[in-house]
Amino acid sequence: MTTIVIFKSNNSYKGFSCIGHAGYSHSGKDIVCASISVLVINTLNAIEKLAAENAEVQMDDGIIECIFPNELNDKAKLLMDAMVMGLEDIEKGYGKQEKKGFFRKEKNYFKLIIKEV
């Protein structure tokens, strides 16, 4: 399961963490993992290049951690709002699903948490 925690303080983005693989499908065919990755990486690139903001980012296999050392400008806030909106849509559509088959069991693929710090 992929878990993303968005850190906010007084309606201001402080950073986020993205941990784990969705496990929706096999490697290379996992549309949930691919969708999350595209949103997160594109947002980080856009914040740097289009909004001219700096972020402290660390990446490792299945982990992305981002800290915003300064208050984000309006462009960067809009980009983060768009990322959160996209992640919320992915969570609604694919976050938790009932598996079909002999052993019917609910499976978690993605969870988005917005945490006040």
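Here is a short chat about how the labels for this predicted model follow from its values.

User: What elements run along the protein, from the N terminus on?
Analyst: The order is β-β-α-β-β-α-β-β-β. Altogether, the protein has two helices and seven strands.

User: Which strands make up the open sheet, and in what order?
Analyst: Five strands do, in the order E3-E4-E2-E1-E7, and their pairing is mixed.

User: Why are E3 and E7 called edge strands?
Analyst: Strand E3 (56-60) and strand E7 (110-116) each pair on one side only, so they count as the edges. As for how the neighbours sit, they are turned by 15 degrees against each other on average, with direction ignored.

User: How do you know that E1 and E7 are paired?
Analyst: Two strands pair if there are at least two bridges between them. Strand E1 (residues 2-9) and E7 have seven bridges, so they pass, and they pair in the parallel sense. For one bridge, look at Thr3: its partner in E7 is Lys111.

User: Where do the helices go relative to the sheet?
Analyst: Helix H1 (residues 31-49) lies across E1, strand E2 (12-19), E3, strand E4 (63-67) and E7, and runs at about 30 degrees to E4. Helix H2 (residues 74-94) packs on the sheet too, touching E1, E2 and E7. The direction of H2 makes about 140 degrees with that of E7.

User: What makes H1 roughly antiparallel to H2?
Analyst: Check the angle: H1 and H2 pack at about 175 degrees, with their axes 9 Å apart. Angles over 145 count as roughly antiparallel, so that label fits H1 and H2.

User: Which residues make that contact, and how many are nonpolar, polar or charged?
Analyst: On H1, they include Ile31, Val32, Ile36 and Leu39. On H2, Leu79, Met80, Met83 and Gly86 are among them. The residues of the contact divide into 14 nonpolar, three polar and no charged. Gly counts as polar here, so Gly86 of H2 goes into that group.

User: How do you know whether the radius of gyration agrees with that of a compact globule?
Analyst: With 117 residues, a compact globule would come out near 13 Å; the protein has 15 Å, which agrees. Along its principal axes, the C-alpha trace spans about 50 × 30 × 20 Å.

User: What share of the residues is called buried, and what makes a residue buried?
Analyst: A residue is buried when its relative accessible area is under 20%. In this protein, buried residues make up 33% of the 117.

Methods:
Residues are numbered from 1 along each chain as its sequence is written. This is a predicted model: local features need pLDDT of at least 70, side-chain atom pairs count only at pLDDT 80 or more; totals for chains, interfaces and linings use all residues. Side-chain values use heavy atoms; hydrogens and water are left out. Helices (H or I, at least four residues) and strands (E, at least two) are DSSP runs, numbered from the N terminus. Axes are lines fitted to C-alpha atoms, for helices over the stretch in contact, and angles run from 0 to 180 degrees between N-to-C directions. Contact means heavy atoms within 4.5 Å. Angles under 35 degrees count as roughly parallel, over 145 as roughly antiparallel, 65 to 115 as roughly perpendicular and the rest as oblique. The radius of gyration is taken over C-alpha atoms; the globule rule is 2.2 Å times the number of residues to the power 0.38. Buried means under 20% relative accessible area, exposed over 50%, partly exposed in between (1.4 Å probe, protein chains only).
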